[in-house]
Amino acid sequence: MTAREEVLARIRTALGSGAGAGGEGVPRAYRTGADLDPPALTGLLTQRLHDYGTPVRRCPPGGVAAAVSQALAERGARRVVVPPDLDQARLGLAGRADVMLIADESLSAEALDAVDGVITTAALAIAETGTIILDGGPGQGRRALNLDYHLCILDASHIVAIVPQAVARLTPGRPCTWISGPSATSDIELDRVQGVHGPRTLEVILVGA
């Protein structure tokens, strides 16, 4: 059997359209869990995010509004987009004259380019890799909202240790975006440029750590 025939046989088997070689089970000897308590999880995630140059603010559940206000003030962000289903009351910005919250109702690319940043929640975070995962769930918005400045509110209960744990908790078929630090590339003349495929600046508010 040639390599081509073997590949096609595996595809047919996976699709259920025919029998052939290559139907053996996939070995799963990799780790599926890690024995880390909540303080260890938050500590490891914070360390990994710092390695990526991502600022992390820790706060209690009742301190989200203060943390958001401080982050936006330090950034100088005045026009901020939020997903339409984000709990805006939690942000504590209602009635503020210095910050305008703009609900994303299919804003155009030009409108998104004119704002100072976005605030979202997250589905999960992976401590070992420092990865924030968005799956389009409540408060996360659409992929186009990964703008120049992304302020992400993450509950400590949504942190897992390793990738297999995250995959097991995610809903198959949802449009997942995995963010490990600010988006960057060095494709052109090895000059590192951030913000090419995602947020140029990612900041995380870790709640309940």
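This is a guided tour of one predicted model, to be followed with the structure open in a viewer.

**The whole chain**

Begin with the whole chain in a cartoon view, where you can look for 5 helices and 12 strands. If you turn the C-alpha trace along its principal axes, you will find that it spans about 70 × 45 × 40 Å. Now switch on the surface, whose accessible area comes to about 11,400 Å², with 54% of that area belonging to carbon and sulfur atoms. Beneath that surface, 38% of the 209 residues of the chain count as buried. Among the contacts with a separation of 6 or more, 69% are made by residues 24 or more positions apart, and some of the stops below show such links in detail.

**The first helix**

Next, select residues 3-15, which form helix α1, and find V7 within this helix. Then add I11 and L15 to the selection, since V7, I11 and L15 make a nonpolar surface patch of about 300 Å². V7 itself counts as partly exposed, because its relative accessibility is 48% and the word "exposed" is kept for values over 50%.

**A salt bridge between two strands**

Side chains of opposite charge can pair when their charged atoms come close. The structure holds 9 salt bridges, and this tour visits some of them.

Select R57 and E203, which form a salt bridge whose closest N and O atoms are 2.4 Å apart. This pair links distant parts of the chain, for R57 sits in strand β1 (residues 56-59) and E203 in strand β12 (residues 201-207), 146 residues apart. Are these two partners buried or exposed? R57 is buried, with a relative accessible area of 15%, and E203 is buried as well, with a relative accessible area of 6%; both values fall under the 20% cut-off.

**A salt bridge between R96 and D98**

Move on to R96 and D98, whose side chains meet in a salt bridge with an N to O distance of 2.8 Å. Here D98 is partly exposed, with a relative accessible area of 34%, and R96 also counts as partly exposed, at 29% relative accessibility.

**A salt bridge between two loops**

Now select R142 together with D104, where the two side chains meet in a salt bridge of 2.7 Å, taken from N to O. R142 lies in the loop between β6 (131-134) and β7 (149-155), while D104 lies in the loop between β3 (100-103) and α4 (109-113), so the pair ties together parts that are 38 residues apart in sequence. R142 is partly exposed, with a relative accessible area of 34%, whereas D104 is buried, with a relative accessible area of 5%. Returning to R57 and E203, add E74 to your selection, and you will have the three residues that are joined into one network by salt bridges that share partners.

**A buried residue in a loop**

For the last selection, go to D135, which is found in the loop between β6 and β7. Although D135 lies in a loop, this residue counts as buried, at 10% relative accessibility. Which residues does D135 touch, if those up to four places away in sequence are not counted? Show A123, Q140, L170, R174, P175 and C176 around D135, and you will have these contacts in view.

**Back to the whole chain**

Finally, colour the charged residues across the chain, where the mean positions of the 19 positive and 23 negative charges are 3 Å apart.

Methods: Residues are numbered from 1 along each chain as its sequence is written. This is a predicted model: local features need pLDDT of at least 70, side-chain atom pairs count only at pLDDT 80 or more; totals for chains, interfaces and linings use all residues. Side-chain values use heavy atoms; hydrogens and water are left out. Patches are made of residues with over 30% relative accessible area and no salt bridge: like charges are joined within 9 Å, nonpolar side chains (Val, Leu, Ile, Met, Phe, Trp, Tyr) within 5 Å. Accessible areas come from the Shrake-Rupley method with a 1.4 Å probe; for residues, only the protein chains shown count as cover. A salt bridge is a side-chain nitrogen of Lys or Arg within 4 Å of a carboxyl oxygen of Asp or Glu. Helices (H or I, at least four residues) and strands (E, at least two) are DSSP runs, numbered from the N terminus. Buried means under 20% relative accessible area, exposed over 50%, partly exposed in between (1.4 Å probe, protein chains only). Contact means heavy atoms within 4.5 Å. Lys and Arg count as positive and Asp and Glu as negative; His and the chain ends are not counted. The place of a charge is taken as NZ of Lys, CZ of Arg, CG of Asp or CD of Glu.
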